Amino acid sequence: MELDGRVVLVTGGTRGVGAGIARAFLRAGARVAVCARRPPEAPVGAAGRAADFHPLDLREPTAVQEFLTAFAARYGRLDVLVNNAGGSPYRPLDEGEAERHARVLALNLTAPLVVSLAARPLLRASRGAVVMIGSVSGTRPSPGTAAYGAAKAGLENLARSMAVEWAPEVRVNTLVLGMVRTELSALHYGDAAGIAAVGRTVPLGRLAEPDEIGEAAVFLASGRAAYVSGASLLVHGGGERPAFLDAATANKES
């Protein structure tokens, strides 16, 4: 297998996109560990193997450092760090206190920085890779999730700076995700009909599947991307059709 003998850590890897990423690395032959505040309902598995689960609150820097120290003792190495944990509820800026928005920033931007710094010695020793999980929300207006969009914009810039500072030992790249069909899709898009309707706005006609995101992460972490660092890979099905094209009255097909 492509990643036999490699050790991978996926933050927030117990469900949704994170679980899809963990499964893809398992299929590639890696030994996979996932961390989150709560355990998954069932072990995250693929290819007849399961990921190791570790409880961890990524917003606690001391706990993160202690975890990575224990991780080194248990696994002996770390080849790939996938900073996937994140997310945000729908909350317009003027409907929540500043502290609530700050917590979104902490989870989606500060936590990946803290984890990356704690993991750097292991990644440097293995000449490993960091994969940040970004979002198109960081490259366009993000009404209702403004703090999340700001954090993802910062995360992408952070990755580019890390790629320069940590070269040549560690490669750092970002997957910039569009919409993905997960257990939480209904919270954002509604029922099955709403999810399907949202999918039709994507040029490829559907939302991504978590395992498809995982395959892209495996590529960035693998030797096939050995000369790719500081890059942002769009995984968004072609993006969004510009609204003005549908609003315009000119150049319409009869």
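**Note on a predicted model: exposed turns, helix 4 and the enclosed spaces**

1. At 54% relative accessibility, Ala-47 counts as exposed, because the term applies to values over 50%. The model under review is a predicted one. Ala-47 sits in the loop that joins strand 3 (45-46) to strand 4 (49-50). Its backbone deserves attention: the phi angle is positive, about 55 degrees, although the residue is not a glycine. Most residues other than glycine have a negative phi.

2. Arg-127 also has a positive phi, of about 50 degrees, and it too is not a glycine. Arg-127 belongs to the loop between helix 3 and strand 7. Is Arg-127 buried or exposed? With a relative accessible area of 53%, Arg-127 is exposed, since this value lies over the 50% limit.

3. Arg-127 appears again in the second largest pocket, where it is among the residues that lie nearest the centre. The others named there are Arg-6, Gly-128, Arg-171 and Ala-221, and the lining has 16 residues in total. The space in this pocket is about 220 Å³. How many residues of each class make up the lining? There are six nonpolar, four polar and six charged residues.

4. Helix 4 (146-165) follows strand 7 (129-135), with a loop between them. The length of helix 4 can be checked by simple reasoning: its 20 residues, at 1.5 Å a residue, should span 28 Å, and the C-alpha atoms at its ends are 29 Å apart, so the expected and modelled values agree.

5. Which residues of helix 4 are buried? They are Ala-147, Tyr-148, Gly-149, Ala-151, Lys-152, Leu-155, Glu-156, Leu-158, Ala-159, Met-162 and Ala-163. A student may find the spacing of such a list easier to read with one general point in mind: an α-helix has 3.6 residues a turn, so residues three or four places apart point the same way. The cover over the buried residues of helix 4 includes helix 3 (98-126), strand 7, strand 8 (171-177) and strand 9 (232-235). Lys-152 and Glu-156 are on the buried list, and both residue types count as charged.

6. Ser-142 lies in the loop that leads from strand 7 to helix 4. Ser-142 is buried because its relative accessible area, 11%, is under the 20% limit. Its side chain makes a polar contact of 2.6 Å with the side chain of Thr-145. Setting aside neighbours within four places in sequence, Ser-142 is in contact with Ser-137 and Gly-149. Gly-149 is itself one of the buried residues of helix 4.

7. Thr-145 also takes part in lining the largest cavity, together with Ser-88, Pro-89, Arg-91, His-101, Val-104, Gly-144, Ala-146, Ala-147 and Tyr-148. Helix 3 and helix 4 are the elements that give two or more residues to this lining. Helix 4 provides the largest share, three residues. The structure holds one cavity of 30 Å³ or more, and the space in the largest cavity is about 60 Å³. Its lining divides into five nonpolar residues, four polar residues and one charged residue.

8. A last backbone feature is found beyond helix 4. Pro-168 is placed in the loop between helix 4 and strand 8. Is the peptide bond from Ala-167 to Pro-168 cis or trans? This bond is cis, with omega near 0 degrees. Most peptide bonds are trans.

Note on methods
Residues are numbered from 1 along each chain as its sequence is written. This is a predicted model: local features need pLDDT of at least 70, side-chain atom pairs count only at pLDDT 80 or more; totals for chains, interfaces and linings use all residues. Side-chain values use heavy atoms; hydrogens and water are left out. On a 1 Å grid over the protein atoms alone, a cavity is a set of points where a 1.4 Å probe fits but cannot get out, and a pocket is an open set with protein on both sides within 12 Å along at least five of seven lines; lining residues have an atom within 4 Å of a point. Grid points are joined across faces, edges and corners, and a volume is the space filled by probe spheres set on the points. Helices (H or I, at least four residues) and strands (E, at least two) are DSSP runs, numbered from the N terminus. Buried means under 20% relative accessible area, exposed over 50%, partly exposed in between (1.4 Å probe, protein chains only). A polar contact is a pair of N or O atoms within 3.5 Å; within protein, one must be able to donate a hydrogen and the other to accept it, and residues adjacent in sequence count only if both atoms are side-chain atoms. Contact means heavy atoms within 4.5 Å. The expected span of a helix is 1.5 Å times one less than its number of residues.
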